[in-house]
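Here is a guided walk through a two-chain model. Keep the structure open beside the text and follow along.

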Amino acid sequence: MTRLALILFCALAAFAAPGAARAAEPVEVRIGVLAYRGAEDAERSWQSTLDHLARALPHYRFRMVSGTAAFLTAAVAAHRLDFLITNPGHYLELKVDYSAAAIATEQDLEGPTPSEAVGATVFVLDDHPEIQSIADLRNLRLAAVAPDAFGYRAALRELIERGIDPARDTRQVFVGFPVDEVMRAVRDGRADAGIIRSCALEKLVQEGAIGKDEFRVIGRRPSGSLNCQVSTRLYPGWPFVTVAQTPAPLARDVAQALFAMQPGQDEKAWAQPDAYGSVQDLYRTLKVGPYAPFTRLGIADFIVENRVWAGLVLLAALWWLTHVARVSYLVRKRTRELQAAHDAARLRGEQMEHTVRLSLMGEMASSLAHEINQPLAAILTYARGCERRIEGGADPQSLRDAVQRIAVQAERAGDIVRRMKDFVRKNPAPQVPIDPAPALHDALALFEPTARAADVIVESEIPDSLPAVRADRLQLEEVVINLLQNALEAVSAQEEKRIGLKVRVNGDRLDVSVSDNGPGLAPGAEEHLFDPFFTTKKNGLGLGLSLSRTIAEAHGGGLTVDPGDGATVFRFYIPLIEEPARV
Amino acid sequence: MSEQAPIIYIVDDDPAVRDAVGFLVSSVGYDYRACASGAELLAGLDNARPACIVLDVRLPGVSGLEIQRELQNRGAVAGVIFITGHGDVPKAVRAMRHGAIDFLEKPFDDQILLDRISDALEASRATLAQQGRREKLERRLGALTEREREVLALVIAGKTSKAIAAELDISSKTVENHRHNLMAKAGVSSVAQLISWATDESA
């Protein structure tokens, strides 16, 4: 559309200025002339007509504006032309869109009748004897000035009527004006055959532009009164056309002047207008002009008009499609990679968590073995005692109490084993609503033997039941044991070793604080305390606190340290929830 | 001196363990007393009865080894058997060096424990008997005057009255008087009997 706008702008610039400047002078009448062999040729052909009109109608000043069909159409659309002299095809298009009307049809005084004035000549180089008829054009390259050239269209009708689909069965080479270009394309072998307006060939021979026998016309048809070789049926000559805005008196005056024109040698004369029915037939057959399917006309014309832009647009579209495909491929690939990385990270996280739990369990294992040994020793001893009493003839009823105690101790050992097994379990449980109290009691129970072995007194305050939290029970235990273990190591050198474990509800969260009476944090340790692999212990992994904080944060809580005077306090908190705990 | 019935002290901070050991020893007829800590043991220890202490090495507060030392300081007659959750070799060595009867690892074999208890009670009885004899001699000798004890020592050494008089720088007559008094206090009629009275606790 850019190009059309540009044309309109040129037309406005060309016509606006003179009209305004010479208001007092004779009224200017603008006559558009289709220039199919360039502006010069057009002027040469029609100057005599304009001269005649100037003589016959002196109070008008006639001005010739030559251009392509597209240019003239734009000028008509911009109301900048009063008349046109154009080919029948163009006239038909204007007739539909701009109420164009033919007021006269050109006539060669010595030549054909007005209704059989124009056709097309299809020619090949003379040294191609195998091409004789229109039917032989199948699969060949055809040169013409433009897709909308009238001669070309006349020839297409002949091809179609012989069963050749021009678009599919031939290749078109459009060389542009002037018509000499068509001759050159055939001569240079860029096309196998050329299509030009009737009589153009003879004219070129006469002008000496081509040799007399250089080209041979194929599919010749009777040319009637037209003294040229033609390959198509004949159509009326060019019309002299008014458009919607042409003043009727002016049209009448001009028509009368045209009919009265007495042409000289090689000059055009004007006869009563033809009905142009044969041209309509032609256009209907080709499905072009007013008969083009609506969308195809728009798109096809637009693309042909703007082929450079269309090419660029096509390239852009191709690039865009490629880009989209590539981007979507990359996105899928990256998503997969990200998913894999995420999975790996999660797995590493789980493995690290498990490693830390195993390491904590390792530190507690010997104390826990001792802890399991206690009930086992009790069980064995009760059992042996029973045995001896039975041998001594004791009443079995008297042994009931001992047997019950055996069962209690077996359960006690089983509990310890269960807690240990749960704690080193590998698959993490999802976070579910739980009462945290049993988990905290279990954590303390796992830790107490170790504290006892190290002569550490654990002062714990854990309510028997607490409001629900959403938590992974195992991770909860892990954090608490980790904090207790750290506290135990902190107090190892103290005379009196004390650890506090306090659990309380603090507003909408659960606070678990672990305090110790150790010597406090090493200077500078506080800021690195939660870094992975930071450790002050000889055999520490340096993962405990960093992992504990990660776990706390994954539960929507946190882990802080308060290096107070006398007691270092680690505070682990997670939010309470409204829902009831799952049992 | 009539011998008292033995008693087993069981010291363990784990109520189940001390209850179970008590159950075992009572099934073979022993008296027992369960203690949760060393302090409880020391407070209730009857040093006049043959006794065995089944002592857990690991106790809160005062450890088993520290209790053993305290028992020695007090001259306790009870034999000590250590029980432990772990085979703790250095502790076992220390315990045995200080006269422990055995060092048993939990869970222990009931027969071995009872055998060791029996051994411990035997040792305890022997200690208690020796202690009784020593006390008896000390009581006998405690009834003598200082001069009489000096004369007795020289009589036991086989010195004649003359030699004793010369050594103690007293008259023979005075020596004779002391000998007479000694014979009377010991309730014996001969020098041989007097020597036996003064040296043989079993007499």
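## The central strands of chain B

Let's begin in the sheet of chain B, where β1(B) and β3(B) run parallel to each other and are joined by 5 bridges. Along this pairing, B:Val11 sits opposite B:Leu55 of β3(B). This is a predicted model, so it helps to know that strand β1 (residues 7-11) is where confidence in chain B is highest, with a mean of 95.

On to the next pairing: β3(B) also pairs in the parallel sense with strand β4 (residues 79-84) of chain B, again over 5 bridges. Here the bridge partner of B:Leu55 is B:Phe82 in β4(B).

How many residues of strand β3 (residues 51-56) of chain B are buried? The count is 6 of 6. In a regular strand, side chains alternate between the two faces of the sheet. In β3(B), B:Ala51, B:Ile53 and B:Leu55 point one way, while B:Cys52, B:Val54 and B:Asp56 point the other way, and all of them are buried.

## Chain B as a whole

Stepping back, chain B holds 9 helices and 5 strands. Their order along the sequence is β-α-β-α-β-α-β-α-β-α-α-α-α-α. Chain B has 203 residues, of which 35% are buried. Among its contacts with a separation of 6 or more, 60% link residues 24 or more positions apart.

The mean pLDDT of chain B is 85, and 96% of the residues score at least 70. Confidence in this chain is lowest in helix α4 (residues 89-97), where the mean is 78. One backbone detail is worth a look: the peptide bond from B:Lys106 to B:Pro107 is cis, with omega near -10°. You will find B:Pro107 in the loop between β5 (102-105) and α5 (110-142) of chain B.

## Chain A and its confidence

Chain A has 583 residues, and 37% of them count as buried. Its secondary structure comprises 16 helices and 18 strands. Of the chain A contacts with a separation of 6 or more, 78% are between residues 24 or more positions apart.

Chain A averages a pLDDT of 83, with 87% of its residues at 70 or more. Over residues 4-23 of chain A, the pLDDT falls below 50; this stretch has 15 contacts in the model beyond near neighbours in sequence.

## Two nonpolar cores

The largest nonpolar core has 79 residues, and those with the most contacts inside it are A:Ala143, A:Val182, A:Ile195, A:Phe240 and A:Val241. Helix α5 (residues 150-161) of chain A supplies the largest share, 6 residues. Why does this core lie between two domains? Both domain 1 (2-115 + 237-305) and domain 2 (119-217) of chain A give residues to it, so it lies between them.

Setting aside neighbours within four places in sequence, A:Ala143 has contacts that include A:Val173, A:Val175, A:Val182, A:Ala185 and A:Ile195. A second, separate core of 47 residues includes A:Cys386 together with B:Val11, B:Phe23 and B:Leu113.

## Where the chains meet

The contact between the chains takes 19 residues from chain A and 18 residues from chain B. On the chain A side, α12 (307-391), α13 (400-423) and α14 (436-453) each supply at least two residues, and α12(A) gives the most, with 14 residues. That side divides into 8 nonpolar, 6 polar and 5 charged residues. For the complex, the predictor gives an ipTM of 0.75 and a pTM of 0.49.

A good residue to zoom in on is A:Gly385, which is in helix α12 of chain A. Is A:Gly385 buried or exposed? A:Gly385 is buried, because 24 other C-beta atoms lie within 10 Å, and 20 or more are needed to count as buried. Not counting residues up to four places away in sequence, A:Gly385 touches A:Ala402, B:Phe23, B:Leu24 and B:Ser27. The C-alpha atoms of A:Gly385 and A:Leu399, 14 residues apart along the chain, are separated by 9.2 Å.

## Two loop residues in chain A

Phi of A:His79 is near 60°, a positive value in a residue other than glycine. A:His79 lies in the loop between α3 (69-77) and β3 (83-85) of chain A, and is partly exposed, with 13 other C-beta atoms within 10 Å.

A:Ser99 likewise has a positive phi, near 50°, and is a residue other than glycine. A:Ser99 belongs to the loop between α4 (88-98) and β4 (101-108) of chain A. With 13 C-beta neighbours inside 10 Å, A:Ser99 also counts as partly exposed.

How values were computed
Residues numbered from 1 in each chain as written. Chains lettered and ligands numbered in written order. Predicted model: local features only at pLDDT ≥ 70, side-chain atom pairs only at ≥ 80, totals over all residues. pLDDT = per-residue confidence, 0-100. Helix = DSSP H or I, 4+ residues; strand = E, 2+ residues; numbered from the N terminus. Buried ≥ 20, exposed ≤ 12 C-beta atoms within 10 Å, placed from the backbone. Contact = placed C-beta atoms within 7 Å. Core = buried A, V, L, I, M, F, W, Y, C linked by C-beta atoms within 7 Å. Domains from an automatic or database assignment. Nonpolar A, V, L, I, M, F, W, Y, C, P; charged D, E, K, R; others polar. Pairing = 2+ DSSP bridges.
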